[in-house]
Amino acid sequence: MRAILTLATLLTCLSGNIKAGNNIRPGALWPDNRGIHINAHGGGILKWGKTFYWFGEHKADTTSAAMVGVTCYSSTDLANWTYRGVALSVSNEKDNDIERGCIIERPKVVYNAKTRRYVMWFHLELKGRGYAAARYGVAVANKPEGPYQYLYSSRSCPGIWPQDWAGSLDSTTYNAGRQMKWWTPEWRELIRKGLFVQRDYAQGQMARDQTVYVDDDGKAYHIFSSEDNLTLHIAELTDDYLHHTGRYWRMAPGGQNEAPTLFKYKGVYWMITSGCTGWAPNKARMFFAKRIQGPWTQVDNPCRGPKSELTFGGQGTYILQIGTSKDPRFVFMADIWRPKQPSDARYIWLPITFEDGKPVIQWTDQWSIKP
């Protein structure tokens with residue numbers, strides 16, 4: 001089956017899906033230098049010098065579990081990509097955190113100028129436990145393409161309350177909330193007040209769909225879906241980017257946001273997320289703030305064009321900044337998930353423009369990218 005898929009992919013590429021020049025074709029097969037569809041899903045991009053490095057989940061043909069690890073590709077034009085190998089390999093050791101068959105999602109790599117190391121953060125679920133572990137993992141390397149050395153995994157900030165914490169629920173209210181039927185107005189109100197933060201206080205907060213953002217001042221933040229995917233958390237990282245400092249903030253409590261993507265334009269932080277509908281696409285959400293810690297304000301769906309109410313059939317994974325610091329441009333990156341054949345998932349890359357000061361993502365069948 002694998003050989004047939006690879007041959008089919010190659011033949012399709014040769015029959016007209018190979019890009020010409022710097023053209024991007026959202027949703028089409030995207031062959032690497034070997035003629036094989038790029039396998040780097042849920043990914044992000046690191047720019048080092050004039051080279052871009054794309055890191056993502058390697059997807060197998062029949063399972064979304066991690067059977068290989070995190071792959072890496074490089075490019076100087078963002079359209080033509082060279083396979084650089086497996087940046088972070090799964091382990092064959094039984095009960096290892098990243099044992100083959102675990103779940104590794106949404107890897108993001110940032111460079112730390114102080115330590116001169118490349119740091120990878122990813123969402124990790126332990127083998128055989130579904131999505132119950134809800135942890136993040138951290139790995140480091142001395143070269144952008146790796147190999148990356150796995151360091152540890154954890155939940156977020158055990159024994160620490162959020163910076164914007166209003167105070168614990170009293171024991172009577174808390175115990176009643178834990179027994180309450182989900183999705184009722186009363187239950188939702190307790191979620192907004194931090195019912196699940198209080199539940200997970202001792203063991204640490206859940207950390208699922210995630211990204212990492214390095215601000216203009218070099219301070220880095222880990223943004224992830226927490227509280228059973230009901231609330232996003234924004235956690236400050238230590239100077240070496242290897243740990244949380246213990247300072248974190250809740251974003252859109254009870255709003256059910258995942259797949260966070262973040263960028264900054266003219267002093268305003270913009271975050272594009274999705275709702276929580278499993279592998280099925282849904283309408284993108286967009287928020288803005290003057291400070292990364294918030295408060296955040298929700299505005300309209302930024303997508304325009306066919307299937308804009310479903311984020312064009314995809315889900316955001318990263319927002320890439322290109323151009324110059326004085327004239328930045330941004331690219332919205334998303335994946336079209338195909339859970340029945342994960343290796344055939346496709347990529348949606350579209351330019352972000354601005355209308356009345358707000359980001360807009362307009363569908364186009366083909367466009368030319370210029371770094």
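This is a short talk on the open and enclosed spaces in one structure.

Hi everyone. A quick word first: the model is predicted. Two spaces to look at today.

Let's start with the largest pocket. How much space lies in it? About 980 Å³. Its lining takes in 37 residues. Find the centre of the pocket on your screen. The lining residues closest to that centre are Tyr213, Val214, Asp216, Tyr318 and Gln321.

Now, which strands build the wall? Six of them give at least two residues each: β2 (41-48), β6 (103-112), β10 (210-214), β14 (258-265), β19 (315-323) and β20 (328-336). Which one has the largest share? That is β19, with six residues.

What about chemistry? The pocket lining has 21 nonpolar residues, nine polar ones and seven charged ones.

On to the cavity. How many cavities of 30 Å³ or more does the structure hold? Just one. The volume of the largest cavity is about 40 Å³.

Who lines the cavity? Let me read them out: Ala259, Thr261, Ile272, Thr273, Ser274, Ala284, Thr311, Gly316 and Phe332. Two elements supply two or more of these residues, β14 and β15 (268-274). The top contributor is β15, giving three residues.

And the chemistry here? Four lining residues are nonpolar and five are polar. None is charged. Set that beside the pocket, where seven lining residues are charged.

One last thing to spot: β14. That strand gives at least two residues to the pocket lining, and two or more to the cavity lining.

That's my tour. Thanks for listening.

Definitions and conventions:
Residues numbered from 1 in each chain as written. Predicted model: local features only at pLDDT ≥ 70, side-chain atom pairs only at ≥ 80, totals over all residues. Heavy atoms only, no water. 1 Å grid on protein atoms, 1.4 Å probe; cavity = no way out; pocket = protein on both sides within 12 Å on 5 of 7 lines; lining within 4 Å. Points joined across faces, edges and corners; volume = space filled by probe spheres on them. Helix = DSSP H or I, 4+ residues; strand = E, 2+ residues; numbered from the N terminus. Nonpolar A, V, L, I, M, F, W, Y, C, P; charged D, E, K, R; others polar.
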